[in-house]
Amino acid sequence: MYVNFSKNLEKNLKKYYKKKELINSKYLKLSEPIYDINEAKKIFSNFLKGKLSQGDNVKNFEKNFSKINNCKYGIATNSGSSANLIALTAIKNIFNLNNNDEVIIPASTFATVAMPIIQIGLKPVYVDVDLKTLNISVDEIKKAISKKTKIIMPVHTLGMPSNMPEIIKLAKKKKLLVFEDCCESHGASIDGKPVGSWGLLSAFSFFVAHNITTIEGGMILTNNKKIYKECRSLREFGRIDQENIGKNRYYSDKYIKDYDKRYVFTKIGYNMRMTDLQAALGIEQTKKMKKFNLKRIKNANFLKKLIVKDLSKYFFTTENQKKYVNTYYTFPLIIKEKINFSRKKICNFLEKNFIETRPMMGGCLPDQPAFQNSPGKIIGKLKNSRIIRDRCFFVGIHPNVNQNQLINLVKKLKKFLN
Ligand SMILES: Cc1ncc(COP(=O)(O)O)c(C=O)c1O
């Protein structure tokens with residue numbers, strides 16, 4: 001029965017994918033499914049075999065993904081936001097941080113960079129970003145460091161690495177911890193060293209739009225065994241260490257005697273596990289990550305040339321940095337300051353022409369309603385973050401985008417400007 005089901009499934013999937021290709025070519029979307037029949041088969045076969053909740057697939061995905069990122073340990077989670085929450089909680093627990101200790105973050109980024117910091121009683125310190133990279137400015141970090149600073153949390157924005165050599169140097173000098181948010185930057189690197197392997201730990205997202213996907217999902221990477229164990233426990237209810245449980249199944253202390261370790265809780269934790277079905281997808285996607293990223297980079301370079309050639313009077317985008325590999329989660333365009341048309345108008349025009357756009361994530365986070373009355377500290381005027389808030393939008397550059405779609409995008413931009 002399983003064999004028949006699989007055969008029919010394959011036939012139907014082939015038909016489905018043919019149809020889908022035809023539909024998609026009309027739009028320049030921000031993201032499209034970047035999985036194929038192979039991944040669909042893996043998910044269905046795992047489903048039929050009953051490999052559902054966290055199990056061997058999750059273990060293998062953690063092993064493979066941490067390895068390609070030069071890290072020893074991976075802890076898969078149900079989202080990038082959860083990965084950030086668990087990672088920050090682990091640091092707070094292990095290094096005995098106090099409430100209101102400070103975490104330096106870029107002001108222009110996604111909401112769940114700052115939210116988990118607030119959720120666990122720490123304080124986000126918002127610093128400005130550099131317009132050439134859209135990443136946290138090292139000079140601004142220097143201004144932000146206080147007696148309460150404990151963590152620097154750079155975000156590698158839209159695939160562009162933050163200046164990790166300088167950030168690590170500064171953190172060492174000031175004895176600060178570094179936690180990298182790599183949710184938008186799978187496979188990016190500086191001088192061959194992947195993002196996510198520079199700091200003490202890092203977090204990734206595998207949400208559908210990202211460079212590789214598990215639909216929803218995330219992962220923490222680290223080389224530190226203590227952090228690895230703490231994150232694993234926090235991910236699953238604050239349970240006692242479950243490794244090698246087969247050898248010694250029972251726990252005893254002053255109150256509980258010979259209690260099954262699967263139900264012994266040693267800290268306040270969460271349930272933020274990834275399913276085995278998602279991990280099956282993640283394993284296949286990891287194998288394709290390099291190929292996907294090369295296509296993104298090729299698309300981005302092609303589009304950048306067109307923008308520089310024809311539209312540099314109106315827009316600018318990020319600048320390539322020596323020895324950096326930017327894996328382009330999306331392609332940002334910033335309307336130049338003296339240009340007098342609104343982002344709203346141009347984005348509406350593009351959307352009407354089947355080109356999807358988005359503003360730059362949270363824009364300038366402390367200006368968002370959720371953060372106006374939340375704990376936090378702002379350093380300086382956040383001039384660049386507010387330029388991004390008001391003048392930046394991004395378009396899709398994913399592996400299914402072809403050069404004709406990018407030529408068409410530039411044509412449409414020119415049409416709007418005329
Ligand atoms: C920088 C950054 N951090 C965290 C997240 C959260 O990831 P998720 O959507 O998987 O929760 C995102 C989401 O895109 C992000 O861009």
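Trainee: At what angle do H4 and helix H8 pack, and how far apart are their axes?

Mentor: Good place to start! In this predicted model, H4 and helix H8 (residues 225-235) pack at an angle of about 120°, and their axes are 9 Å apart.

Trainee: Why is H4 called oblique to H8?

Mentor: Set the angle of about 120° against the bounds: 65 to 115 degrees would count as roughly perpendicular, and over 145 as roughly antiparallel. The pair fits neither class, so H4 is oblique to H8. The crossing of the two helices is right-handed.

Trainee: Which residues make that contact?

Mentor: From H4 come Ile86, Ala87, Thr89, Ala90, Asn93 and Ile94, while H8 brings Lys226, Ile227, Glu230, Cys231, Leu234 and Arg235. Sorted by class, seven are nonpolar, two polar and three charged.

Trainee: What makes H2 and H9 roughly antiparallel?

Mentor: Try the comparison again. Helix H2 (residues 37-49) and helix H9 (residues 276-311) pack at about 150°, again with a stated axis separation of 9 Å. The cut-off for roughly antiparallel is over 145 degrees, and therefore H2 and H9 earn that name. Their crossing is right-handed.

Trainee: Which residues of H2 and H9 form the contact?

Mentor: H2 offers Asn38, Glu39, Lys42, Ile43, Asn46 and Phe47, and H9 offers Asp276, Leu277, Ala280, Leu281 and Glu284. That contact divides into five nonpolar, two polar and four charged residues.

Trainee: Let's turn to the ligand. Which residues come nearest to it?

Mentor: The ligand has 16 residues around it, of which Ser79, Gly80, Ser81, Cys183 and Ser205 come nearest. Helix H4 (80-94) and helix H5 (111-119) are the elements giving two or more residues to this shell.

Trainee: Which element gives the largest share of the shell?

Mentor: That is H4, with three residues. As for character, the shell holds six nonpolar, eight polar and two charged residues.

Trainee: And how do you know where the domains lie?

Mentor: The bounds come from a domain assignment, which gives domain 1 (35-282) and domain 2 (289-417). Their C-alpha centres lie 26 Å apart. The contact between them takes 39 residues from domain 1 and 41 residues from domain 2.

Trainee: Which element supplies the largest share of the side of domain 1 that touches domain 2?

Mentor: Five residues come from E3, the largest share. That side of domain 1 divides into 20 nonpolar, 10 polar and nine charged residues.

Methods
Residues are numbered from 1 along each chain as its sequence is written. This is a predicted model: local features need pLDDT of at least 70, side-chain atom pairs count only at pLDDT 80 or more; totals for chains, interfaces and linings use all residues. A residue is near a molecule or strand if its C-beta atom, placed from the backbone, lies within 6 Å of it. Helices (H or I, at least four residues) and strands (E, at least two) are DSSP runs, numbered from the N terminus. Ala, Val, Leu, Ile, Met, Phe, Trp, Tyr, Cys and Pro count as nonpolar, Asp, Glu, Lys and Arg as charged, and the others, Gly among them, as polar. Domain bounds come from an automatic or database domain assignment. Two residues are in contact if their C-beta atoms, placed from the backbone, lie within 7 Å. Axes are lines fitted to C-alpha atoms, for helices over the stretch in contact, and angles run from 0 to 180 degrees between N-to-C directions. Angles under 35 degrees count as roughly parallel, over 145 as roughly antiparallel, 65 to 115 as roughly perpendicular and the rest as oblique. A crossing is left-handed if the near helix is turned anticlockwise from the far one by less than a right angle, and right-handed if clockwise.
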